[in-house]
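Reader: Could you walk me through the second largest pocket, and what lines it? I'd like a close look at that one part.

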Amino acid sequence: MEKLLMVWVTEKQLKGDTLTQGIICEKARAIYGDLLNQTPRTSTDEASEDSFKASRGWFDNFRKRTGIHSVVRNGETASSEPKSEDTISTSEIKEILGMWERVSQFVEKKHPEKVATGRASELYNDTCLTHFRTILQGRKKQTSLDSFLLSGKKGKDQ
């Protein structure tokens with residue numbers, strides 16, 4: 001359920017939509033309900049049908065597990081969140097992603113615990129680096145949009 005929710009969150013962030021705790025929790029409950037409806041149930045499953053509440057505690061843990069930061073808590077304004085995109089340049093992001101690729105390849109080849117290191121590597125990749133890749137994707141889309149808008153304006157001026 002959380003992987004589906006993260007796909008949705010990422011899509012919304014790339015569109016530039018503001019996400020709040022309430023919006024994310026509502027979507028989480030909807031996804032959970034959809035998954036329940038698609039899964040054959042037993043009598044004990046039906047008794048625990050309302051077990052997922054998308055509580056504040058779940059939300060806080062979800063943020064920690066996924067590494068999402070640009071979410072506005074209920075009652076906060078969008079400007080109260082730190083904008084990490086402004087504090088790190090595109091070249092720095094590309095550099096850290098390249099370093100991670102080299103480190104993960106080295107560990108994959110040299111470490112004797114292949115399964116454990118693979119899981120740890122995937123977890124780090126999913127929670128930490130996805131944030132930076134999302135920033136890069138958003139910047140790439142913005143650059144493409146800016147180029148398109150500028151080329152249209154130049155055509156009108158001529």
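Author: Sure, terms come up front. On a 1 Å grid over the protein atoms alone, a pocket is an open set of points where a 1.4 Å probe fits, with protein on both sides within 12 Å along at least five of seven lines, and lining residues have an atom within 4 Å of a point. Points are joined across faces, edges and corners, and a volume is the space filled by probe spheres set on them. This is a predicted model, where local features need pLDDT of at least 70 and side-chain atom pairs count only at pLDDT 80 or more, while totals for chains, interfaces and linings use all residues. Residues are numbered from 1 along each chain as its sequence is written, and side-chain values use heavy atoms, leaving out hydrogens and water.

Now the pocket: it holds about 360 Å³ of space. Its lining takes two or more residues from each of H1, H4 and helix H7 (114-157); helices are DSSP runs of H or I, at least four residues, numbered from the N terminus. Domain 1 (1-38 + 52-66) and domain 2 (90-153) each supply at least three lining residues, with bounds from an automatic or database domain assignment. By class, you get five charged, four polar and three nonpolar residues. Among them are Glu2, Lys3, Met6, Arg65, Thr66, Asp126 and Thr127.

Take Thr66, in helix H4. Thr66 counts as buried (under 20% relative accessible area, 1.4 Å probe, protein chains only), because its value is 12%. Beyond its neighbours within four places in sequence, Thr66 is in contact with Met6, Asp126 and Thr127, contact being heavy atoms within 4.5 Å.

Conventions:
Nonpolar A, V, L, I, M, F, W, Y, C, P; charged D, E, K, R; others polar. Buried < 20%, exposed > 50% of the residue type's maximum accessible area, 1.4 Å probe, protein only.
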